[in-house]
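The following paragraphs lead the reader through one protein chain, step by step. Please keep the sequence and the structure in view while reading.

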Amino acid sequence: MTVTDWFALLHPVLIILFVYPVVGATIRLGILARERRLDINPLPPTVGVEHTDHGRWVTSGVVVAVLIAMAATYARGGAVVVGGSGTGVALLLAGVGCLVSCLALWRAKGAGLRAGFALICWLGLLTLGAQPALWHLGRSPFDGSVWGSHYWSGVLLCGLLLFAMAAAPETLRSPRMRRLHVSAAFLTALLLAVQAISGSRDLLGMALGQ
């Protein structure tokens, strides 16, 4: 295995060893926060804060893992960036912008700033993924293969997680936002399961291809 191959393994390792365990803790804390709000269980008010903090770690972990996967794909011998070194620098800046925007979400206070940083991060991921050098199943929603794509379900997952992170203060205050958050959380859980299946499929396909 080359250095690039080992670097590419950081993506599934980070997801398996960090993201999924923290997702489980986040879901559990979310259930406890709901029980406290409905006076079902006399729990301390820190439960909701811990749920939010765990959600931030999940979002950041997924964004970093996606950036690692994209960087490893571009670094592989067959992934030639169309447009030469100038495009390569632009893609590098886009990746740095995604990471900086995600980190800025931890500190941003205003709703506009939080929405802006989340959107910048997500659009940056879409820009990186739209390049011809990055292989994924299908490029149009009218192509049936798109719905089995590890990349596209991952991008949608990132969008939902960034939205949840950016809207966390409003979710704590608004019952309507809490209902929206719960609905999005069910879709997020479904996408996490899809990611596990499609990611294992693609790893097996790459192994057999070699």
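Alanine 108 is located in the loop that joins helix 3 (85–107) to helix 4 (111–129). The model under discussion is a predicted one. Is alanine 108 buried or exposed? Its relative accessibility is 15%, and the limit for a buried residue is under 20%, so alanine 108 counts as buried. When neighbours within four places in sequence are set aside, alanine 108 is in contact with Leu113, Arg114 and Phe117. Alanine 166 provides a further point of reference: 58 residues separate alanine 108 from alanine 166 in sequence, while the C-alpha atoms of the two lie 8.9 Å apart in space.

A second loop, between helix 1 and helix 2, contains aspartate 39. With a relative accessibility of 69%, aspartate 39 counts as exposed, whereas alanine 108 counts as buried. The backbone of aspartate 39 also deserves attention: its phi angle is near 60°, a positive value in a residue other than glycine.

The chain as a whole may now be considered. The protein chain contains 7 helices and 0 strands, and its pattern along the sequence reads α-α-α-α-α-α-α. Of its 210 residues, 37% are buried. Among the contacts with a separation of 6 or more, 67% are accounted for by residues 24 or more positions apart.

How do these helices pack against one another? Helix 1 spans residues 3–37 and helix 2 spans residues 46–75; their axes come within 8 Å and cross at roughly 160°. An angle over 145 degrees counts as roughly antiparallel, and helix 1 and helix 2 are therefore roughly antiparallel to each other. The crossing in which helix 1 passes helix 2 is left-handed. Sorted by class, the residues of this contact comprise 25 nonpolar, 9 polar and 1 charged.

Helix 2 also packs against helix 5 (residues 150–166), at an angle of about 150° and with the axes 9 Å apart. Here too the crossing is left-handed. On the side of helix 2, the contact is made by Arg56, Val58, Thr59, Ser60, Val62, Val63, Val66 and Met70; on the side of helix 5, it is made by Tyr151, Cys158, Leu161, Leu162 and Met165. The contact of helix 2 with helix 5 has 10 nonpolar, 2 polar and 1 charged residues.

Helix 5 has another partner in helix 4. The axes of helix 4 and helix 5 come within 9 Å and cross at roughly 170°, and the two helices are therefore roughly antiparallel to each other. Helix 4 contributes Arg114, Ala115, Ala118, Cys121, Trp122, Leu125, Leu126 and Gly129, and these meet Tyr151, Trp152, Val155, Cys158, Gly159, Leu162 and Ala166 of helix 5. This contact divides into 12 nonpolar, 2 polar and 1 charged residues.

Cysteine 121, named in that contact, leads to the matter of disulfides. How many disulfides does the structure contain? The count comes to 0. A disulfide requires two cysteine sulfur atoms within 2.5 Å. The cysteine sulfur closest to that of cysteine 98 belongs to cysteine 121, but it is 4.9 Å away, which is too far for a bond. Viewed from cysteine 121, the closest cysteine sulfur is that of cysteine 98, again at 4.9 Å and too far for a bond. Both cysteines lie in the interior by the accessibility criterion: cysteine 98 counts as buried at 1% relative accessibility, and cysteine 121 is buried with a relative accessible area of 0%.

The last stop is helix 7 (residues 175–209), which holds threonine 188 as well as leucine 191. Threonine 188 has a relative accessible area of 11% and is buried; leucine 191, with 8%, is also buried. Which residues do they touch, apart from those up to four places away in sequence? Threonine 188 touches Leu157, Leu160 and Leu161, while leucine 191 touches Ser153, Leu156, Leu157 and Leu160. Leu157 and Leu160 thus appear in both sets of contacts. Leucine 191 may also be compared with histidine 150: the two are 41 residues apart in sequence, and their C-alpha atoms are 9.7 Å apart in space.

Notes: Residues numbered from 1 in each chain as written. Predicted model: local features only at pLDDT ≥ 70, side-chain atom pairs only at ≥ 80, totals over all residues. Heavy atoms only, no water. Axes fitted to C-alpha atoms, helices over the stretch in contact; angles between N-to-C directions. Helix = DSSP H or I, 4+ residues; strand = E, 2+ residues; numbered from the N terminus. Parallel < 35°, antiparallel > 145°, perpendicular 65-115°, else oblique. Left-handed = near helix turned anticlockwise from the far one by under 90°. Nonpolar A, V, L, I, M, F, W, Y, C, P; charged D, E, K, R; others polar. Buried < 20%, exposed > 50% of the residue type's maximum accessible area, 1.4 Å probe, protein only. Contact = heavy atoms within 4.5 Å.
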